[in-house]
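Good morning, everyone, and thank you for making the time. I would like to walk you through one structure, going from the sheet to the rings and then to the charged side chains.

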Amino acid sequence: MHLTDSPESGPADETSFDTFRQVDIRVGAIVEAAPLEGARKPSIRLLIDFGPGVGTRKSSAQITDHYTPDQLIGRQVAAVVNFPPRQIGKFMSEVLTLGFPDADDRIVLFSPDHPVPNGARLA
């Protein structure tokens with residue numbers, strides 16, 4: 001899934017901190033990455049290790065403009081781990097890997113700039 005809003009758009013409707021905390025955003029390390037065969041848009045399938053609390057989860061990401069599968073192994077990324085699984089073609093994506101669109105609407109992964117423990121939750 002690839003949804004973006006214009007940088008000129010205003011902020012979303014106000015929400016409470018308690019509602020925000022219901023979205024479980026964790027950091028994990030990519031342990032496997034490969035092209036997602038059969039996808040309508042070029043994508044990479046990821047296996048991400050979120051540590052013992054969450055375990056490993058699968059994700060599909062439309063990030064082929066900036067990344068190759070080989071570049072992703074070992075990289076830490078942020079993902080929402082408590083959305084329901086989503087069918088992407090023949091692939092079941094279990095987490096939503098987070099990124100931001102660059103000036104050309106190509107996704108850049110959201111990840112910590114210093115290593116943190118896998119499974120660390122957004123603070």
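Before I point at any residue, I need one definition: two strands count as paired if DSSP finds at least two bridges between them. Please also keep in mind throughout that what you see is a predicted model.

With that in hand, let us begin with the sheet. Strands of a sheet pair through backbone hydrogen bonds, and they do so either parallel or antiparallel. Here five strands form an open sheet, and reading across it the order is β3-β2-β1-β4-β7, with antiparallel pairing. The edges are β3, residues 56-61, and β7, residues 96-97, each of which pairs on one side only.

Let us step through some of the neighbours. Strand β1, which covers residues 25-35, is joined to strand β2, residues 44-49, by six bridges in the antiparallel sense, and if you look for E32 you will find it standing opposite L47 in β2. Strand β1 also pairs with β4, again antiparallel, this time over five bridges, and there V27 has A78 of β4 as its bridge partner. Moving on from β4 to β7, we find two bridges between these antiparallel strands, and A79 is matched with T97 in β7.

Now I would like to stay with β4 for a moment. Are its residues buried or exposed? Five of the five residues of this strand, which runs from 76 to 80, are buried, so β4 is largely enclosed by the rest of the structure. The side chains divide between two directions, with Q76, A78 and V80 pointing one way and V77 and A79 the other, and all of them are buried. To take one of them, A78 has a relative accessibility of 4%, and since buried means under 20%, it is counted as buried. A78 and V95 are 17 residues apart in sequence, while their C-alpha atoms are 9.8 Å apart in space.

Let me turn to the aromatic rings. A pair of aromatic rings is described by the distance of the centres and the angle of the planes. How many aromatic pairs are there in this model? The count comes to two. In one of them, the ring centres of F17 and F20 lie 6.0 Å apart and the planes meet at 40 degrees, so this pair is tilted. Both residues belong to helix α1, residues 17-21, where they are three residues apart, about one turn of the helix. F17 is exposed, at 59% relative accessibility, whereas F20, at 36%, counts as partly exposed.

The other pair is made by F100 and F110, whose ring centres are 5.4 Å apart and whose planes stand at 85 degrees, so we call it edge-to-face. This pair links distant parts of the chain, because F100 is in strand β8, residues 99-101, and F110 is in the segment after β9, with their positions 10 residues apart. F110 is partly exposed, with a relative accessibility of 36%.

Two further points belong with the aromatic residues. F17 and F20 come back together with L122, since these three form a nonpolar patch on the surface, with about 300 Å² of accessible area together. Elsewhere, K58 lies over the face of F91, at 5.6 Å from the ring centre.

Finally, the charged side chains. Side chains of opposite charge can pair when their charged atoms come close. The structure holds four salt bridges, and I will describe some of them. D24 and R26 meet through their side chains at 2.7 Å, N to O, and both residues are buried. D24 also forms a salt bridge with R121, at 3.2 Å, N to O. Which parts of the chain does this pair tie together? R121 lies in the segment after β9 and D24 in the loop between α1 and β1, so the bridge ties together parts that are 97 residues apart in sequence. R121 is partly exposed, with a relative accessible area of 34%, whereas D24 is buried, at 12%. D24, R26 and R121 are thus linked in a network of salt bridges.

Another salt bridge joins the side chains of D102 and R106, at 3.1 Å, N to O. D102 is partly exposed, with a relative accessible area of 23%, and R106 is also counted as partly exposed, at 30%.

That is where I will stop, and I am happy to go back to any part.

Notes: Residues numbered from 1 in each chain as written. Predicted model: local features only at pLDDT ≥ 70, side-chain atom pairs only at ≥ 80, totals over all residues. Heavy atoms only, no water. Helix = DSSP H or I, 4+ residues; strand = E, 2+ residues; numbered from the N terminus. Buried < 20%, exposed > 50% of the residue type's maximum accessible area, 1.4 Å probe, protein only. Phe/Tyr/Trp six-rings, centres within 6.5 Å; stacked < 30°, edge-to-face > 60°. Lys NZ or Arg CZ within 6 Å of the ring centre and 35° of its normal. Patch = residues over 30% accessible without salt bridge, like charges linked within 9 Å, V, L, I, M, F, W, Y side chains within 5 Å. Areas by Shrake-Rupley, 256 points an atom, 1.4 Å probe, with all protein chains shown as cover.
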